[in-house]
Structures are given as C-alpha cells and as structure tokens.
Amino acid sequence: MANELNQQRIIDEFMRCFRKLLMDPKLAEELVRIARENINQPNAYQRIAEEVSSQTTLKIPEEHSEADRMFINLLMDVVKGDALLY
C-alpha cells in the first residue's frame with residue numbers, strides 16, 4: 001500500500017511538471033539550456049536542480065523527492081543524448 005502511494009505521488013509530481021511544460025512552451029528550452037550549461041560542471045546534478053528552481057517556474061526543493069531525482073536525471077540524459085547527435 002505504501003509503495004502504491006509513493007508511486008502515485010511520483011506520477012502526480014510528473015503530471016504537474018508536464019502541465020507546466022505544456023502551458024509554457026519556452027520552459028522546455030530553458031530546462032535544456034540549464035542542463036547543457038551545467039552538465040560538465042562539478043556537482044552537475046545539484047547545480048542543475050538549483051538553477052531550475054531559481055530560473056524557471058519549476059521549483060525543486062532542497063530535499064529531492066524520487067520524482068525530482070528522476071526529472072533531473074532525465075534532463076541530464078536528454079543533454080547527453082543531444083551531444084551524441086553532433
């Protein structure tokens with residue numbers, strides 16, 4: 001039961017994020033820019049999380065949830081995958 005509640009919470013967090021992405025077309029571009037600028041920096045994961053919170057309408061709390069971690073890792077994967085295309 002607890003696992004199901006945790007999974008539902010993660011899904012709810014992702015749904016809120018996707019709604020914001022659909023409502024603000026420039027948000028995805030900003031997120032990728034932030035990830036691209038920080039991907040090769042020391043503590044890239046933390047830097048991306050902090051800059052996403054300070055520079056966009058998406059707020060990632062200091063204590064990251066499972067959904068936060070998945071989202072930041074997804075951003076990093078997108079940028080890494082994008083770099084492989086060039």
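**Figure 1. The largest pocket of the predicted model and the residues that line it.** The volume of the largest pocket is about 280 Å³. Its lining is made up of 14 residues, and those closest to the centre of the pocket are E13, C17, L58, K59 and D68. Two elements, α1 (2–23) and α4, each give two or more residues to this lining. Helix α1 provides the largest share, with 5 residues. Sorted by class, the lining consists of 8 nonpolar, 1 polar and 5 charged residues.

**Figure 2. Residue D12 of helix α1 and its distance from A67.** D12 belongs to helix α1. Its relative accessibility is 34%, and D12 therefore counts as partly exposed, a class that lies between the limits of 20% and 50%. Along the chain, D12 and A67 are 55 residues apart. In space, the C-alpha atoms of D12 and A67 are separated by 9.1 Å.

**Figure 3. The buried and exposed residues of helix α2.** Helix α2 spans residues 25–38, and its buried residues are L27, L31, I34, A35 and N38. These residues cover an arc of only 95° around the axis, and they therefore lie on the same side of α2. The exposed residues P25, K26 and E29 are found on the other side of α2.

**Figure 4. Residue N43 in the loop between α2 and α3.** N43 has a relative accessible area of 61%. This residue is therefore classed as exposed, since the value is over 50%. The backbone angle phi of N43 is near 55°. This is a positive value in a residue other than glycine.

**Figure 5. Residue T56 and its surroundings.** T56 is located in the loop that runs between α3 (44–55) and α4 (66–84). The relative accessible area of T56 is 9%, which is under 20%, so T56 is buried. A polar atom of the T56 side chain lies 2.5 Å from the backbone oxygen of V52. When neighbours within four places in sequence are left aside, the residues in contact with T56 are L27, E30, L31, I34 and E51. Among the contacts of T56 are L27, L31 and I34, which also appear among the buried residues of helix α2.

**Figure 6. Residue T57 in the loop between α3 and α4.** With a relative accessible area of 45%, T57 is partly exposed, whereas T56 is buried. Neighbours within four places in sequence again left aside, T57 is in contact with K20 and L27. L27 is also one of the residues in contact with T56. T57 and L21 are 36 residues apart in sequence, and their C-alpha atoms are 9.7 Å apart in space.

**Figure 7. Residue L74 of helix α4 and its distance from A35.** L74 is part of helix α4. This residue counts as partly exposed, at 42% relative accessibility. In sequence, 39 residues separate L74 from A35. From C-alpha to C-alpha, the distance between L74 and A35 is 9.9 Å. A35 is one of the buried residues of helix α2.

Methods: Residues numbered from 1 in each chain as written. Predicted model: local features only at pLDDT ≥ 70, side-chain atom pairs only at ≥ 80, totals over all residues. Heavy atoms only, no water. Helix = DSSP H or I, 4+ residues; strand = E, 2+ residues; numbered from the N terminus. Buried < 20%, exposed > 50% of the residue type's maximum accessible area, 1.4 Å probe, protein only. Polar contact = N/O pair within 3.5 Å; in protein donor to acceptor, adjacent residues only side chain to side chain. Contact = heavy atoms within 4.5 Å. 1 Å grid on protein atoms, 1.4 Å probe; cavity = no way out; pocket = protein on both sides within 12 Å on 5 of 7 lines; lining within 4 Å. Points joined across faces, edges and corners; volume = space filled by probe spheres on them. Nonpolar A, V, L, I, M, F, W, Y, C, P; charged D, E, K, R; others polar. Arc of directions from axis to C-beta.
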